[in-house]
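Let's take a stroll through a protein model and see how some of its helices meet. Have a look at the structure below, and then we'll go through it piece by piece.

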Amino acid sequence: MALHERELAWDGCINVRDLGGHPTRDGGETRYGAIVRADSVRLLNEAGWAALVDYGIRTVLDLRGDHEREEDPPADGSVDVVHVPFMEASDKEWEEIGPEIDAASAAAPDVATSTRDVYLIFLERFKANVAAAIRAVANAREGGIVVHCVGGKDRTGLLSAFLLDLAGVAPEDIAADYALSEERLRPRHEAWFAAADTEEELERLRRIAQTPAASMVGVFAELDRRYGSVEGYLRSAGLTDEELELAAGRLLG
């Protein structure tokens with residue numbers, strides 16, 4: 001990738017960023033063209049798909065849930081599509097998770113804390129899904145990978161953060177990259193706000209549209225407290241050292 005641009009323009013898709021160019025603790029930097037994060041690539045038009053392939057993407061990692069894919073099936077194309085629902089639960093599980101999320105949000109003093117606490121609930125509940133997503137990156141065929149979900153903010157943001165951490169990027173730099181999504185997704189969020197029926201709904205949408213850097217810093221700090229590190233959390237989810245090395249190698253090779 002001669003131009004080494006982190007912000008990519010793929011027609012029809014927004015919030016598209018290469019995970020290359022981040023400084024690592026050993027004085028290097030993450031590799032361009034290896035992993036790209038995006039909102040739903042299902043929004044790409046024909047020119048956008050061509051740009052994705054021209055960029056060297058050979059695997060699409062789809063983090064959407066089964067119900068989301070039923071409503072909007074993956075398109076046929078010249079790339080591998082690997083489906084790993086990052087946060088998928090049964091109706092019974094959601095009945096348990098919902099009140100837990102509501103209580104955490106109500107108890108939080110601000111949006112950054114609320115987002116952190118909700119993410120931590122999901123990360124504890126969906127360890128197997130997180131491990132499966134990291135494993136899919138580790139085992140993907142040669143070539144670039146694009147990671148996406150519906151908005152490219154939460155699920156994609158968490159997976160991207162873990163991959164950058166495995167590559168040796170500092171938590172503050174990872175959090176700064178995560179925070180970019182709020183501005184990049186603003187055009188879509190403005191449409192949400194305009195369609196809100198009540199002030200309560202508008203306030204809820206404004207809250208979930210935010211991506212405070214402090215939320216991701218807080219997630220990393222808490223995983224460090226609970227598991228010793230992000231790697232410790234991922235090992236507790238069932239990932240082997242070899243799988244973690246392969247995933248990190250995508251951004252370092």
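Let's start with α4 and α10, which are oblique to each other. Why oblique? Their axes cross at roughly 45 degrees, and an angle counts as oblique when it is neither under 35 degrees, nor over 145, nor from 65 to 115. Keep in mind that this is a predicted model. The axes of α4 and α10, the latter covering residues 213-227, come within 8 Å, and the crossing is right-handed.

Who does the touching here? On the α4 side you'll find Val111, Ala112, Thr115, Arg116, Tyr119, Leu120, Leu123 and Glu124, while α10 brings Ala214, Ser215, Gly218, Val219, Glu222, Leu223, Arg226 and Tyr227. Sorted by class, the contact of α4 with α10 has 9 nonpolar, 3 polar and 4 charged residues.

Now turn to the other neighbour, α3. The helices α3 and α4 are roughly antiparallel to each other, with axes that cross at roughly 155 degrees. This crossing of α3 and α4 is right-handed. Trp94, Glu96, Ile97, Glu100, Ile101, Ala104 and Ser105 of α3 meet Ser114, Asp117, Val118, Ile121, Phe122 and Arg125 of α4. That contact of α3 with α4 holds 7 nonpolar, 2 polar and 4 charged residues.

A further pair is α5 (residues 127-139) and α12 (residues 241-252). Here α5 passes α12 in a left-handed crossing. The residues in touch are Ile134, Arg135, Val137, Ala138 and Asn139 of α5, together with Glu243, Leu246, Ala247 and Arg250 of α12. By class, the contact of α5 with α12 splits into 5 nonpolar, 1 polar and 3 charged.

Here are the three pairs side by side:

| Helix pair | Axes come within | Crossing angle |
|---|---|---|
| α4 and α10 | 8 Å | roughly 45 degrees |
| α3 and α4 | 9 Å | roughly 155 degrees |
| α5 and α12 | 8 Å | roughly 65 degrees |

Next up is the largest pocket. How much space lies in the largest pocket? About 900 Å³. It is lined by 27 residues, and the closest to its centre are Tyr119, Phe122, Lys153, Asp154 and Ile208. Two of these names should ring a bell: Tyr119 turned up in the contact of α4 with α10, and Phe122 in the contact of α3 with α4.

Which helix gives the largest share of the lining of the largest pocket? That's α4, with 5 residues. Helices that each supply at least two lining residues include α2 (66-71), α3 (91-107), α8 (186-195) and α9 (199-208). As for the mix, the lining of the largest pocket has 11 nonpolar, 8 polar and 8 charged residues.

Technical notes: Residues are numbered from 1 along each chain as its sequence is written. This is a predicted model: local features need pLDDT of at least 70, side-chain atom pairs count only at pLDDT 80 or more; totals for chains, interfaces and linings use all residues. Side-chain values use heavy atoms; hydrogens and water are left out. On a 1 Å grid over the protein atoms alone, a cavity is a set of points where a 1.4 Å probe fits but cannot get out, and a pocket is an open set with protein on both sides within 12 Å along at least five of seven lines; lining residues have an atom within 4 Å of a point. Grid points are joined across faces, edges and corners, and a volume is the space filled by probe spheres set on the points. Helices (H or I, at least four residues) and strands (E, at least two) are DSSP runs, numbered from the N terminus. Ala, Val, Leu, Ile, Met, Phe, Trp, Tyr, Cys and Pro count as nonpolar, Asp, Glu, Lys and Arg as charged, and the others, Gly among them, as polar. Axes are lines fitted to C-alpha atoms, for helices over the stretch in contact, and angles run from 0 to 180 degrees between N-to-C directions. A crossing is left-handed if the near helix is turned anticlockwise from the far one by less than a right angle, and right-handed if clockwise. Contact means heavy atoms within 4.5 Å.
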